[in-house]
Amino acid sequence: MQRIAVMTSGGDAPGMNAAVRSVVRAAIHNDMSVIGFKRGYNGMLMRSRDTHDDFEIMTRKSVSDKIHRGGTFLMTARCTDFLDVECQKQVIKNLRLLGIEGLIGIGGDGTFRGLNALNELGFPTVGIPGTIDNDMEYTDYTLGFDSALNTACECIDRVRETSDSHERASLITVMGRNCGDIALHTALACGAEYVMIPEAPWSIESIANRIKWGMLNGKRSTIIVMAEGAFASLTSNVEKICRENESLHGIINDTMTSSKLAAILEALSGQETRSTILGYIQRGGSPSAQDRILGSRFGEYAVNLLRDDISGRAVGIRDNKLIDMPFSEIVGQPQPFRAELMHLVSVLAR
Ligand code: F6P
């Protein structure tokens with residue numbers, strides 16, 4: 001191949017810039033030219049007609065001073081239209097018009113579905129897993145997970161200090177709509193007392209009992225880490241709990257929120273409980289050394305696949321060795337639930 005393209009898509013993840021830098025410089029090293037598309041699939045659909053701001057020709061210089069920066073300098077977007085085969089065909093037409101022969105996409109499951117569709121329509125694609133969620137079964141790590149984890153840990157350490165000073169319980173919500181990996185690893189790294197994730201059932205009563213047990217055993221504070229999607233696996237009858245506790249009569253039970261949960265835990269346990277939502281703080285920030293190295297390794301490996309006319313595959317890492325797998329075996333395969341880590345959080349918290 002003489003010319004390839006690179007883009008980032010879906011939620012941004014620290015380390016995406018390191019991966020783009022690696023793609024560009026490894027491609028140039030292999031005598032290929034690179035076009036960088038902006039805003040993921042939207043850029044390839046050439047949606048910035050008025051401003052002509054959909055892509056740029058990348059040089060070694062375009063990726064200077066980028067390896068340590070968070071976010072993605074190519075920008076990103078979620079493009080639901082891309083499920084439409086007509087949009088996919090349009091993208092292939094646009095890419096061919098620019099003389100592009102292969103595409104490297106950096107993103108999560110949704111991005112890989114798009115890359116798989118393009119590949120099945122005859123346009124060679126390779127994927128790099130870039131998402132803080134670490135929700136892909138085929139790879140030990142996705143790009144951005146380590147950075148998000150470190151950021152969440154740093155924030156929770158701070159919350160712990162103030163919680164301890166005030167002898168409070170703290171409920172801290174981290175990202176992860178369908179996958180509890182960030183919550184589970186953060187809980188373990190921060191010595192949390194309890195963790196709730198979408199993959200495992202949990203009850204409000206058991207957490208309240210855990211807080212009470214802590215108080216009885218001289219713990220000044222309790223750290224409870226929750227994945228944002230964990231309400232999906234809540235088994236408690238919230239309405240009944242609220243009816244039985246006079247102080248909770250004002251809580252509407254149709255949509256649970258973390259601040260409502262904190263109020264319920266406070267009423268049931270007797271320890272003051274506050275809620276903190278970390279939100280997008282986890283997605284921003286400078287990538288960890290681990291993610292910079294991973295992005296650099298993934299980028300070069302992806303270029304080498306296209307150079308060798310191998311496509312329809314995503315790059316990953318297993319036991320610190322780079323691997324590649326067909327998209328068809330990857331998409332829709334979530335990270336299996338790590339029951340042993342959940343068990344360890346509970347054993348070490350006592
Ligand atoms: O990138 C993954 C993720 O950060 C999830 O953890 C989170 O649920 C989601 O993206 C939020 O995405 P958005 O940017 O669309 O709000």
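These legends go with several close-up views of a predicted model.

**View 1. The whole protein chain, before we zoom in.**
Let's begin with the overall picture. The protein chain contains 11 helices and 11 strands. Its radius of gyration is 23 Å, close to the 20 Å that the globule rule gives for 350 residues, so the chain is as compact as a globular protein of that length. Along the principal axes, its C-alpha atoms fill a box of roughly 70 × 35 × 35 Å. How many of the 350 residues count as buried? The share is 55%.

**View 2. The ligand and the residues that surround it.**
Look for the ligand, then for its neighbours in the protein. Gly-11, Arg-78, Ile-132, Asp-133, Met-175, Gly-176, Arg-177, Glu-228, Tyr-280 and Arg-283 surround the ligand. Try finding each of these residues in turn.

**View 3. Polar contacts between the ligand and the protein.**
Which part of Gly-176 lies 3.3 Å from an oxygen atom of the ligand, backbone or side chain? Here a polar backbone atom of Gly-176 is the partner. With Arg-78, a polar side-chain atom lies 2.8 Å from an oxygen atom of the ligand. Arg-283 likewise has a polar side-chain atom 2.8 Å from a ligand oxygen atom. On its own, the ligand has 400 Å² of accessible area, and the protein covers 82% of that.

**View 4. A nonpolar patch on the surface.**
Now we move to the outside of the protein. Leu-344, Val-347 and Leu-348 form a nonpolar patch on the surface. Together, these three residues have about 260 Å² of accessible area. Where does Leu-344 sit? You will find Leu-344 in helix H11, which covers residues 339-348. With a relative accessible area of 34%, Leu-344 counts as partly exposed, because that value falls between the 20% limit for buried and the 50% limit for exposed.

**View 5. Asp-309, a loop residue with a positive phi.**
Follow the chain from helix H10 (289-307) towards strand S10 (313-318), and you meet Asp-309 in the loop between them. The phi of Asp-309 is near 60 degrees, a positive value in a residue other than glycine. Is Asp-309 buried or exposed? Asp-309 counts as exposed because its relative accessibility is 60%, and the cut-off for exposed is over 50%.

**View 6. Asp-319, another loop residue with a positive phi.**
Asp-319 lies in the loop between S10 and strand S11 (321-326). Its phi is near 50 degrees, again a positive value in a residue other than glycine. Asp-319 has a relative accessible area of 68%, so this residue is exposed.

Methods: Residues numbered from 1 in each chain as written. Predicted model: local features only at pLDDT ≥ 70, side-chain atom pairs only at ≥ 80, totals over all residues. Heavy atoms only, no water. Patch = residues over 30% accessible without salt bridge, like charges linked within 9 Å, V, L, I, M, F, W, Y side chains within 5 Å. Areas by Shrake-Rupley, 256 points an atom, 1.4 Å probe, with all protein chains shown as cover. Salt bridge = Lys/Arg side-chain N within 4 Å of Asp/Glu carboxyl O. Helix = DSSP H or I, 4+ residues; strand = E, 2+ residues; numbered from the N terminus. Buried < 20%, exposed > 50% of the residue type's maximum accessible area, 1.4 Å probe, protein only. Near = heavy atom within 4 Å. Polar contact = N/O pair within 3.5 Å; in protein donor to acceptor, adjacent residues only side chain to side chain. Rg over C-alpha atoms; globule rule 2.2 N^0.38 Å.
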